[in-house]
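Trainee: Could you take me closely through the salt bridges of this structure? I should like to know which residues pair and how exposed the partners are.

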Amino acid sequence: MKKKLWSSIAAAAILLGGAYSISEVQAASAGNSASAGTSKTLIGISKAEQAALKAAPGRVESIDLEKKLSGAYYEVDIQQQNKEIDVRVDAYTGSIISVREEADDDDDGDIQPADAAESKAVISAAQAAEAASAAVKGKVVEIDLDRNKGSLVYEVEVRNGKVTTEVGVDAYTAKVLYTDEDWE
């Protein structure tokens, strides 16, 4: 009888301890999200771009919204003369998480304007996101600046539920060139 009683008490302790541990892990996860910002609202592409450019001036090549267990952040790739700068911006507070510099000694097809006039005429990534959002409803989660048939084009990924739409935006005029839906 004593053995059965002790077995029951041990089993109850294990169950309660497991439930307590699970609730602590969930609370810690929620705490990490809350500590990432007092608000659950994302700052958006425009503010992320502005914050990143303050940390590292240059030309924004891409902006990606990354969600990890530790929180969400925008990864902003900035091209400077002979180096690439990766800036991580907290997606809720806009604070700079990290700035990492890499030598850009490979020829990976970096976008280089033909002349200084072309460089000044390129719209910002935030303007491209705005144009894409006007054409397709959803949340902008990724922007890449690419050369397409000799012209600069922002490829903007917009997510709305299970539908992901790639929107091509002319980098000079902000005109939407194409949309391509992908159902997940």
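Mentor: What follows is a close look at the salt bridges and at the strands that carry them. The model is a predicted one, and it holds five salt bridges.

Consider the pair formed by Glu75 and Arg88, whose side chains meet in a salt bridge at 3.7 Å, N to O. This pair links distant parts of the chain, with Glu75 in strand E2 (residues 71–80) and Arg88 in strand E3 (residues 83–90), 13 residues apart. Glu75 has a relative accessibility of 18% and therefore counts as buried, the cut-off being under 20%. Arg88, at 29%, counts as partly exposed.

Strand E3 also contributes Lys83, which forms a salt bridge with Glu101, the closest N and O atoms being 3.7 Å apart. Because Lys83 lies in strand E3 and Glu101 in strand E4 (residues 96–103), the pair ties together parts that are 18 residues apart in sequence. Lys83 is partly exposed, with a relative accessible area of 29%, whereas Glu101 is exposed at 54% relative accessibility.

A further bridge joins Asp86 to Arg100, with 2.9 Å between the closest N and O atoms. Here too, distant parts of the chain are linked: Asp86 is in strand E3 and Arg100 in strand E4, 14 residues apart. Asp86 is buried, its relative accessible area being 8%, while Arg100 counts as partly exposed at 43%. These two residues belong to a network of salt bridges that links Asp86, Arg100 and Glu102.

How values were computed
Residues are numbered from 1 along each chain as its sequence is written. This is a predicted model: local features need pLDDT of at least 70, side-chain atom pairs count only at pLDDT 80 or more; totals for chains, interfaces and linings use all residues. Side-chain values use heavy atoms; hydrogens and water are left out. A salt bridge is a side-chain nitrogen of Lys or Arg within 4 Å of a carboxyl oxygen of Asp or Glu. Helices (H or I, at least four residues) and strands (E, at least two) are DSSP runs, numbered from the N terminus. Buried means under 20% relative accessible area, exposed over 50%, partly exposed in between (1.4 Å probe, protein chains only).
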